[in-house]
Amino acid sequence: MDADRHDVPSELGDCFRTFVRFRSPRQLLLVLMVLVPLRVLVASWRWWDLVVLVVLILIQPVSEWLIHVRLLHVQPTTRVRRVIFDLAASGHHDHHRDPGRLGLLFVDTTTHVFAAVFWGLAFTAVLRSVPLGLTGGLTVASLTLIYEWMHFLPHTRYVPRSALVRAPWRVHRLHHYRNENYWYGICTTFADHLLGTFKTRDEVPLSPTCRDLSGEVA
Ligand SMILES: [Zn+2]
Ligand SMILES: [Zn+2]
């Protein structure tokens, strides 16, 4: 589905129904529908499952910040950066050009599969355990789905009531409509506070390159 700005919903239920029409959330839900029963069937629960879960949750704010800054905003100024741009950044540049077009905001579905498989294999290899590898892959897929939802909401007309959701919702709108060099967090504002890219709205000038990232210096 490739909804345009005329389809942008304003009620939470409509947001959810629109969200699950896109390929990326559907694929992530499918992945979870396979991995959750598989993990339950394999059983063999240990405290390490909790460790894997907590570690991945804790690194999520910084990893999404790093991906946003170092990959998605990269400029094709060298040969290596051109490769990164073509693989990862060009879609995000399109998203900045037209933030109201919902079809442009989702993560590429190949990336989902790669991330879940990579982390699943990494935990399997490091902890020498297939169940822990499954927990890792399952957690990454769940966090990616939450990321997609939290990135989707600021691009709708819905205004969240919960302060926990409204804070990142607000700063992502500032990232698109005030200044693209600040407010890189999507699910939380923690990494922006930690890494110096959190400001109040009036501390930051209106950027002329919010829509056209090719004007950025990177
Ligand atoms: Zn966005
Ligand atoms: Zn951005």
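# Legends to close-up views of a predicted model

**Figure 1. Arg 97 is partly exposed, with a relative accessible area of 42%.** Partly exposed lies between buried, which is under 20% relative accessible area, and exposed, which is over 50% (1.4 Å probe, protein chains only). The structure is a predicted model, in which local features need pLDDT of at least 70 and side-chain atom pairs count only at pLDDT 80 or more, whereas totals for chains, interfaces and linings use all residues. Residues are numbered from 1 along each chain as its sequence is written, chains are lettered from A and ligands numbered from 1 in the order in which they are written, and side-chain values use heavy atoms, with hydrogens and water left out. Arg 97 meets Asp 94 in a salt bridge, with N to O at 2.8 Å. A salt bridge is a side-chain nitrogen of Lys or Arg within 4 Å of a carboxyl oxygen of Asp or Glu. Asp 94 is likewise partly exposed, at 32% relative accessibility. Arg 97 and Asp 94 are three residues apart in helix H4, and therefore about one helical turn separates them.

**Figure 2. The side chains of Asp 14 and Arg 17 form a salt bridge.** The N to O distance in this pair is 3.0 Å. Both residues belong to helix H1 (residues 12-19), where a spacing of three residues places them about one helical turn apart. The relative accessible area of Asp 14 is 33%, and the residue is partly exposed. Arg 17 also counts as partly exposed, at 47% relative accessibility.

**Figure 3. A salt bridge joins Arg 39 and Asp 49.** The closest N and O atoms of this pair are 3.0 Å apart. Arg 39 lies in helix H2 (residues 23-42) and Asp 49 in helix H3, so the pair ties together parts that are 10 residues apart in sequence. Arg 39 is buried, with a relative accessible area of 1%. Asp 49 counts as buried at 7% relative accessibility. The count for the structure comes to five salt bridges. In general, side chains of opposite charge can pair when their charged atoms come close.

**Figure 4. Histidine nitrogens are the protein donors of the zinc ion (ligand 1).** The donor atoms are NE2 of His 95, His 151, His 155, His 172 and His 176, at 2.0 to 2.2 Å from the ion. Donors are N, O and S atoms within 2.8 Å of the metal (3.2 Å for Na, K and Ca); water is not among the atoms, so sites may look incomplete. Along the sequence, the donor residues are spaced H-x55-H-x3-H-x16-H-x3-H. Distant parts of the chain are linked by His 155, in the loop between helix H6 (130-152) and helix H7 (163-177), and His 176, in helix H7, the two being 21 residues apart. Both His 155 and His 176 are buried.

**Figure 5. The zinc ion (ligand 2) has its protein donors in His 68, His 73, His 92, His 96 and His 175.** Each of these residues supplies NE2, and the donors lie 2.1 to 2.2 Å from the ion. Their spacing along the chain is H-x4-H-x18-H-x3-H-x78-H. His 73, in the loop between helix H3 (47-72) and helix H4 (79-97), and His 175, in helix H7, link distant parts of the chain, 102 residues apart. The relative accessible area is 3% for His 73, which is buried. His 175 is buried too, with a value of 0%.

**Figure 6. Cys 15 and Cys 187 are shown with the distance between their sulfurs, 16 Å.** A search of the whole structure finds zero disulfides (pairs of cysteine sulfur atoms within 2.5 Å). Cys 15 is in no disulfide, and the nearest cysteine sulfur is that of Cys 187. For Cys 187, the closest cysteine sulfur is in Cys 15, too far for a bond. Cys 15 counts as buried at 0% relative accessibility, and Cys 187 is buried with a relative accessible area of 15%.

**Figure 7. The protein chain holds eight helices and zero strands.** Helices (H or I, at least four residues) and strands (E, at least two) are DSSP runs, numbered from the N terminus. Of the 218 residues, 43% count as buried. The C-alpha trace spans about 55 × 40 × 30 Å along its principal axes.
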